[in-house]
Amino acid sequence: MDLFNEARVRQLQLTTRRHFLKKCSVGLGSIALSSLMGPQKLLGMDGLDQGGQPPLPHFLPKAKRVIYMHMAGAPSQLEMFDYKPELQKLHDLDCPPSLLEGKKFAFIQGTPKMLGPQHQFGQYGQSGQHVSDLLPNFTQAVDEVTFIKSMHTDEFNHAPAQLFLQTGNPRVGRPSMGAWVTYGLGSENENLPGYMVLVSGGKNPSAGKNAWGNGFLPSEYQGVQCRNSGDPILYISNPDSMSRNMRKISLETINAINRRQYEEFGDNEISSRIAQYEMAFKMQMSVPDAMDITKEPEYIKEMYGAEPGKASFANNCLLARRLVEKGVRYVQLYDWGWDMHGTDKSTSLNEGLKEKCTQIDKPMTALVLDLKQRGLLDDTLVIWGGEFGRTPMRENRGGVVMPYYGRDHHTEAFTIWMAGAGVKQGFSLGETDEIGYYGTKDRVHVHDLQATVLHLLGIDHEKFTYNFQGRDFRLTDVHGHVVNDILA
Amino acid sequence: MKKRKSFNKNSRIATVLLTLVLSGLLSCNHEKIDFNAQVRPILNKNCISCHGGVKQSGGFGLVFRENALKETKSGKFGIVPGSPEASEMMRRINHKDPEMRMPLEKEPLSENEVAILTKWIEQGAEWEEHWSYLKPADPEVPNTGSEWPANKIDHFVEQKLKEHKLTPSPIADKFDLARRVALDLTGLPLAQDRLQQFVGDNSGNAYEDLVDNLLNDPGFGEHWASMWLDLARYADSQGYVPDNYRSVWKYRDWVIRAFNQDMPFDQFTIEQLAGDLLPDPSIDQLIATAFHRNTMSTNEGGTNNEEYRISAVVDRVNTTWEVWQGTTMSCVQCHSHPYDPIRHHEFYTSFAFFNNTTDWDGPVEYPLLKELHGEDSSKVEEIVQWITAQSNATEANKWKKFMLLNEPSLRAEDFSDMKKVENYNRSTQDFLRVFDGSSFALPNIQTKEIDRVYLHYKLRGKAKGRIILSLDSMQQDIIGQANLLPTNGFQVLPIPVNVDHEANQIWFAVQSSNEHFRCDIESISIGEKLPSPPDEEYQQVYASIDQVLNAPGKNATPVMVEKNEAHSRETHVFVRGNWMVHGEQVAPAIPGLFDPDQEMDLDNRLDMARWLVSQRNPLTARVIVNRFWAKIFGKGLVVTVEDFGTLGDLPTHPQLLDWLAIRFSTAWQWSVRKLLKTIVMSATYRQSSVVSEENKQLDPYNQWLSRSPRVRLSAEQIRDQALAVSGLLSRKMYGKSVMPYQPDGVWNLEYSVDSWKTSPGEDAFRRGVYTYFRRSSPYPSFITFDASERDACLSRRIKTNTPLQALVTLNDPVYMQAARHLAGEVLHAADDDQSKVTWAYQKVMGKQPDAEKVKILLNMLERARKHYSEYTEEAYHLAKTENMDLAVFTVMANALMNMDEFLVKN
């Protein structure tokens with residue numbers, strides 16, 4: 001064993017014993033390990049105490065990795081996937097009081113009008129799925145995906161709803177789904193972070209970095225945000241004009257001194273430090289390489305609509321494929337700008353939503369089809385959706401008619417889709433009532449979605465816990481049922 | 001809660017020791033079973049996850065004795081005191097059928113465990129409170145008869161070492177010790193001149209002098225503030241969307257000053273939790289209460305202000321219990337505690353202490369304590385002088401606070417009989433909108449003392465109106481009126497009133513002849529009569545007060561203000577933690593577990609704060625002493641510093657913990673400085689951190705303190721140290737938070753107007769404690785090194801070790817700047833390479849390098865020169881001069897600041 005590997009093994013032993021035996025005496029024990037510090041296979045096999053918990057994965061996983069495309073701001077299901085011709089008939093009529101009684105809305109006041117779908121729908125693929133004309137490319141991928149049209153959530157404001165979806169709790173402080181997954185399963189590539197986050201649309205989501213936070217898990221499980229300009233990961237590049245050769249000289253010096261220090265102090269932590277610097281050096285190579293989409297052939301860039309050097313959802317989709325290809329466990333995409341209230345043109349269902357759909361239509365379709373043609377879709381789970389849905393009523397902020405067509409936040413019904421590993425193809429689960437207000441069949445709660453994602457990764461969401469401040473915490477809190485109907 | 005067993009403390013401790021030593025051997029038949037030491041660990045490990053305080057499978061729970069003794073669902077009794085044979089629990093534990101045997105689907109209990117439980121039930125199945133809630137007996141200091149101890153701490157430590165067949169490590173190298181103690185007490189490496197002074201001083205007092213010197217260094221308060229600010233979840237932003245700026249740095253400065261003045265910890269506690277309720281509180285004591293104004297707030301469109309107000313109060317409860325009592329109350333918010341005997345409703349009796357302040361989650365974070373400047377400030381001082389002359393300083397101070405705070409204010413929640421109004425209670429709108437014909441009343445007012453009513457209002461549009469105040473009934477006995485004229489945003493309108501008799505409420509009627517009239521009333525406050533006859537001077541003073549209330553303040557700090565008793569809030573249990581579902585009404589009280597006798601009448605926050613630091617509370621001193629210990633040794637005597645409950649770790653050195661806690665809260669009069677001095681003066685602290693073979697085998701995690709721990713420095717320390725050794729660090733103290741360099745695009749937040757602008761001059765090089773902390777996007781290099789995200793109280797930063805950390809200290813421009821600065825000095829400091837290398841290393845580590853390290857560094861110089869002689873452009877770019885050696889030494893300095901030994905305390 002060379003020094004690097006020896007140090008790494010030591011690090012792993014130390015990390016496990018120190019953090020996991022101390023910290024989670026009731027938790028996962030040794031199986032969970034650092035997403036950044038090495039492959040999972042080294043552990044979970046060496047017979048360390050697992051605190052009485054079943055080892056991970058709990059059963060054979062269908063998915064090895066996840067790409068989650070979160071449309072921050074919450075896209076309108078009624079203009080994209082949930083086809084409601086009845087709603088058109090009610091267009092511009094007063095909303096009946098029965099729909100308003102006891103309900104809380106973010107902005108609707110008084111009696112709003114009903115608002116018919118603002119875009120045309122067609123049926124596509126062998127499965128005959130409904131898709132609106134906002135997404136012409138996506139019609140080619142519908143036979144690969146499962147729609148869930150009966151999603152619902154508890155939260156009707158963006159930040160709490162995003163946190164609820166991503167962490168299982170509407171307030172900050174809990175680990176995000178990606179953090180849980182990398183904590184549980186580790187990374188398959190020791191030169192890349194196990195959990196990476198790509199943001200487009202010009203802004204971060206409302207929940208800020210808490211949406212990919214580690215909560216009470218060690219900070220190495222927080223999502224590593226890739227940047228659209230400058231360093232792809234903060235400080236990954238050497239300082240201006242320090243060449244890689246010079247960096248190598250300096251790192252060799254640092255590690256030589258550290259080895260000398262180890263001889264003197266005998267502290268195993270020093271070996272970890274040596275490994276840490278070796279890995280940083282490797283990451284400096286592997287991250288820019290992974291993030292460099294100029295290396296992709298023209299037809300692939302064309303397929304996604306990716307343009308190197310530009311900050312776009314298209315580039316991020318292509319990057320997501322490159323990252324999962326290299327073994328990144330969890331890739332989280334956020335695309336900002338879906339909050340179509342109708343306060344101005346850019347937030348109108350007719351203009352703003354159309355523009356946003358154009359931005360995602362080609363890339364998300366390409367992502368599914370590209371993963372498929374590479375055989376990666378078999379064990380990669382792709383998820384698309386927002387944090388809640390939109391009302392079938394037209395928003396009337398302040399009780400007045402607004403200049404553009406928009407819809408308010410809505411918790412009772414929204415649509416997401418999933419594709420890949422272990423999920424049915426060309427399938428649609430759940431139904432909403434004739435105006436798309438409320439799920440009437442096979443309702444799926446946010447906690448059910450989380451339970452299902454973990455299930456596909458081979459994790460029983462009820463057994464996957466972390467003990468913090470005396471309590472065993474789960475991603476799904478004390479809720480959640482696996483949605484068996486969508487499993488292939 | 002009268003279950004506390006009377007017993008002899010020494011015998012308990014003796015039993016603990018005995019069972020630790022003889023663990024596994026239960027030979028003594030007549031020995032009384034010790035519940036805490038013997039029974040509880042078995043129950044916690046095997047039973048409590050199904051038979052606890054929440055989940056009580058089969059109707060059997062083991063947290064409260066009365067639950068354990070009651071009839072279970074099957075009609076049998078789990079525990080029958082005195083009769084193991086009749087106890088269903090024992091029958092199931094001993095069951096031969098593995099499907100029936102407890103614990104289910106797990107290994108059966110060992111013979112020894114079964115024997116303990118049997119005997120315990122035989123002896124009456126008595127419960128005993130968990131160790132941390134029992135009053136400590138002053139432990140006898142063990143005498144091991146050796147020369148090693150430097151103070152009492154060492155006697156306790158040495159005893160444990162002996163028990164574990166360990167010997168103390170030799171004393172640390174003088175240079176390492178100097179660096180260690182400076183980093184531990186001030187967060188900074190020792191200044192070169194002090195280092196020389198210490199090294200040159202061969203007297204017996206050299207180390208103690210150094211310690212005293214460091215304890216009095218201004219850096220002391222800055223360093224310990226970092227720890228406290230994690231607990232206080234201090235940040236410069238509001239938290240939730242849009243996470244805008246919050247001006248609360250005066251609280252941070254208050255903490256630094258408190259540590260630097262060695263404010264006794266009991267006072268430190270009382271002022272932060274209830275400074276506003278102290279008699280005649282000072283401005284500083286009000287600032288201290290910002291401790292609990294560090295909760296997160298939201299301005300996201302559509303959020304409910306009451307929901308987030310409650311969420312802040314919940315956080316105040318949780319934080320208070322975690323910081324002072326090492327207890328997690330958050331479980332109890334929804335149900336009784338699963339492991340500790342705390343009941344569901346007791347969360348709300350705690351909640352009631354905090355549920356009566358005037359702050360809420362409105363668009364502006366009132367109450368805000370203004371700082372006035374110029375003329376306004378002198379006006380306040382004039383008024384204060386005048387009132388002092390008329391009456392006394394206390395009265396004057398009361399008025400001063402009223403002028404700076406305009407509190408206590410009354411809002412729609414306090415009004416009654418509201419007619420034709422719209423009550424907005426949403427994120428960005430929180431006011432009562434009134435129209436022509438609107439009316440409402442302000443009940444429970446002592447009208448006799450009133451001289452002014454202040455209306456905090458805003459007119460929507462230009463349509464004017466009028467407000468009429470009356471006593472007894474609407475528009476009868478009119479006591480005052482005022483025109484409602486167009487405003488520029490919200491402003492304070494003084495309405496002089498003339499009251500001739502006592503009534504219980506004031507009526508407000510609004511009129512306007514314009515149908516477009518709309519007026520938003522944010523709050524109302526009451527001005528009392530000034531202590532003087534209402535002559536002309538009186539009127540002038542009142543006019544000045546009216547002006548000051550509308551004066552634009554700066555650096556307004558959110559503080560706590562208690563609602564008047566007449567308008568206090570009711571607290572109800574929230575059924576299953578849901579704030580919309582009210583259960584029984586509760587009054588403020590401490591959970592029975594912590595205060596079984598309930599002798600003190602605890603009515604408000606001040607009572608509660610005083611109780612926390614009273615001699616009736618044994619937990620506070622233990623928890624706090626342990627926090628400081630953990631910062632110094634990297635690990636607490638109780639490792640779970642945040643949890644002293646039954647699921648927390650047991651103390652490794654229970655007697656030492658109690659010895660320190662008793663000293664701290666009595667003889668040392670809560671002096672943090674005395675506590676820390678005692679710790680760092682111990683021989684235990686002064687040991688070397690070299691890990692011997694013996695250590696590795698017998699004390700791999702150093703829980704017995706057989707050496708000094710090598711602890712990685714905190715996020716703030718790592719940056720501060722790099723700036724300090726390179727000479728870039730600014731020691732400027734206090735003031736608004738600063739923005740050191742951070743790459744573009746890190747702040748990229750929705751709906752926010754704030755931006756990151758690198759602070760000019762030395763402000764970019766201040767200590768980390770002054771770095772602007774935005775919760776949704778904290779300074780990235782700190783977060784990478786495990787700094788708290790300041791969302792909630794954090795007791796322990798979990799140290800991780802990731803390549804991203806290496807990338808920070810290698811590549812973050814501030815570290816390169818530090819390296820370049822140091823390199824510039826190196827070139828002038830010595831002539832030949834060997835001296836330069838030695839000088840630079842000495843500067844960074846405060847000691848001479850060993851020969852091997854010098855060799856490694858010289859080798860680096862050679863390789864670097866060779867590289868740069870080939871790539872001269874590269875050297876020029878890095879150093880920005882023709883002098884290639886500046887580039888060479890910059891790279892070397894950067895390497896020195898990435899050595900393991902630089903990143904840890906040795």
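Q: Before we look at S7(A), what makes two strands pair?
A: Two strands pair if DSSP finds at least two bridges between them. Strands here are DSSP runs (E, at least two residues) and helices are runs of H or I (at least four), numbered from the N terminus.

Q: And where do the model and the numbering come from?
A: It's a predicted model, where local features need pLDDT of at least 70, side-chain atom pairs count only at pLDDT 80 or more, and totals for chains, interfaces and linings use all residues. Residues are numbered from 1 along each chain as its sequence is written, while chains are lettered from A and ligands numbered from 1 in the order in which they are written.

Q: OK, how many bridges join S5 of chain A to S7(A)?
A: There are 6, and strand S5 (residues 195-200) runs parallel to S7(A). In that pairing A:Ser200 stands opposite A:Asp335.

Q: What about S1 of chain A and S7(A)?
A: Strand S1 (residues 65-72) and S7(A) are parallel too, over 7 bridges. A:Met69 has A:Leu333 as its bridge partner.

Q: Is S7(A) mostly covered or exposed?
A: Covered: 7 of the 7 residues in S7(A) (330-336) are buried, meaning 20 or more other C-beta atoms, placed from the backbone, lie within 10 Å of a residue's own. One side includes A:Tyr330 and A:Trp336, the other includes A:Val331, and both faces are covered.

Q: Switching topic: how many residues does the contact take from each chain?
A: It takes 65 from chain A and 68 from chain B, with contact meaning C-beta atoms, placed from the backbone, within 7 Å. H5(A) gives the most to chain A's side, with 13 residues.

Note on methods
Contact = placed C-beta atoms within 7 Å. Buried ≥ 20, exposed ≤ 12 C-beta atoms within 10 Å, placed from the backbone.
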